[in-house]
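Got your viewer open and a selection tool ready? Let's take a short walk through this one, stop by stop.

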Amino acid sequence: MTTGRAAFWRRLSPAAFWRRRLRPWRTRRLLEVHLLVLFLLTAVASTALFLSCRQAQHGAEALASREAPAVQGLAATRLAALRANQEAHALVEMDLIGVAGSGETYRSQLSAADQGLSRIADRTDQDLGTVKGLLATYSDSLSLGTSRYRDQPLMQEQKLVEADSLLTREGVGLAPRLKALQQVQMKHAEATVTMGRWQRGGWWLAELSLALVALTLLSALFVLRDRCGRDWNPYLLAAFVLTVLLAVVPLMATSSTQDDLDGVIGDLWQITETSWRSGPEPAEAQQSVTEVSEGVRQKMADGAWTDRVYRGALVGSLLAIVLPALGLGLRLDNDYWRRR
């Protein structure tokens with residue numbers, strides 16, 4: 001009874017099922033088909049994996065080098081302009097105009113705003129010409145109101161009111177224009193890191209192809225042991241292990257990187273909204289933006305290891321093509337092709 005049950009289970013085993021499926025094929029033709037299928041599948045999987053990893057790496061690099069600095073720079077420029085206005089009014093209200101060193105704070109803020117716009121120009125494709133012109137006019141009005149007309153209260157007040165208008169006028173003022181630029185820049189940043197339909201399709205194609213490669217490798221190993229009486233082929237075993245690693249490691253790395261990038265986008269939104277909600281204390285908002293920006297830089301630096309994963313995936317993809325070709329090609333050459 002036990003022997004009959006064991007024979008019954010052997011007939012239903014995966015090995016018996018696959019042996020019956022492959023029975024009509026001659027061994028040589030079977031190995032040649034496995035070799036061809038493996039070559040085609042590994043070529044497709046390697047190409048899809050390479051392109052998908054490269055796209056993810058490009059997104060991370062673009063966010064770190066261009067999009068995030070532009071968002072941070074726009075927020076810093078807006079806060080610097082707001083703080084310059086606050087400091088200039090404080091000088092007038094406290095009657096400190098003319099006191100040595102009293103205007104350094106607002107002048108340094110204007111300088112920081114101007115330098116910020118200059119740095120942003122290299123990191124965004126948005127037109128900053130109008131904003132730069134507004135900032136220059138706004139700086140002139142503040143300077144005239146706090147220095148040239150310090151002995152003429154009416155002109156001083158007029159210039160400061162003019163500066164306020166240039167800064168805050170709805171739709172056309174410096175602060176509203178910077179806010180509009182920030183909104184557009186945040187959309188650019190989100191689009192840079194968002195995984196699109198084609199990129200997701202690339203990952204699905206890579207993973208499906210690698211799964212088929214693994215199954216084909218197992219089938220080739222089975223054929224060599226079942227029909228050729230060979231031990232486990234080291235090339236095919238190495239290719240199988242490599243295939244599993246290629247299916248797992250790059251995907252996990254990309255998933256981790258995507259989570260980090262989503263976190264960076266959240267931090268960039270926090271920076272942007274802080275610059276919008278600065279209220280009466282832009283100095284505190286500047287400190288908050290500086291702290292969050294440091295966290296963003298740290299997250300982007302922590303994600304730099306993805307470049308090593310990308311290079312490893314590239315080398316592994318090439319080996320995934322070569323190893324099965326060597327394993328089956330050498331066996332076919334030794335057992336069949338030389339005997340023609």
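Here is a tour of a few spots worth selecting, keeping in mind that the model is predicted.

**Stop one: a long selection and one residue in it.** Select residues 234-276, which make up helix α9. Now pick out Thr 254, which belongs to that helix. Is Thr 254 buried or exposed? Its relative accessible area is 10%, so Thr 254 is buried, the cut-off for that being under 20%. To see what surrounds it, show Ala 56, Met 195 and Trp 203: these are the contacts of Thr 254 once neighbours within four places in sequence are set aside.

**Stop two: the surface.** Next, select Val 241, which is also a residue of helix α9. Add Val 244, Leu 245, Val 248, Val 249 and Met 252, and you have a nonpolar surface patch together with Val 241. What is the area of this patch? It comes to about 510 Å².

**Stop three: the rings.** Now show Trp 269 and Trp 276 as sticks. The count of aromatic pairs is 1. In that pair, the ring centres of Trp 269 and Trp 276 are 6.5 Å apart, and the planes stand at 75 degrees, so the arrangement is edge-to-face; the angle needed for that label is over 60. Trp 269 has 25% relative accessibility and counts as partly exposed. Trp 276, at 23%, counts as partly exposed too.

**Last stop: a charge over a ring.** Keep Trp 276 on screen and add Lys 179. The charged end of Lys 179 sits over the Trp 276 ring, 4.8 Å from the ring's centre.

Definitions and conventions:
Residues numbered from 1 in each chain as written. Predicted model: local features only at pLDDT ≥ 70, side-chain atom pairs only at ≥ 80, totals over all residues. Heavy atoms only, no water. Helix = DSSP H or I, 4+ residues; strand = E, 2+ residues; numbered from the N terminus. Buried < 20%, exposed > 50% of the residue type's maximum accessible area, 1.4 Å probe, protein only. Contact = heavy atoms within 4.5 Å. Patch = residues over 30% accessible without salt bridge, like charges linked within 9 Å, V, L, I, M, F, W, Y side chains within 5 Å. Areas by Shrake-Rupley, 256 points an atom, 1.4 Å probe, with all protein chains shown as cover. Salt bridge = Lys/Arg side-chain N within 4 Å of Asp/Glu carboxyl O. Phe/Tyr/Trp six-rings, centres within 6.5 Å; stacked < 30°, edge-to-face > 60°. Lys NZ or Arg CZ within 6 Å of the ring centre and 35° of its normal.
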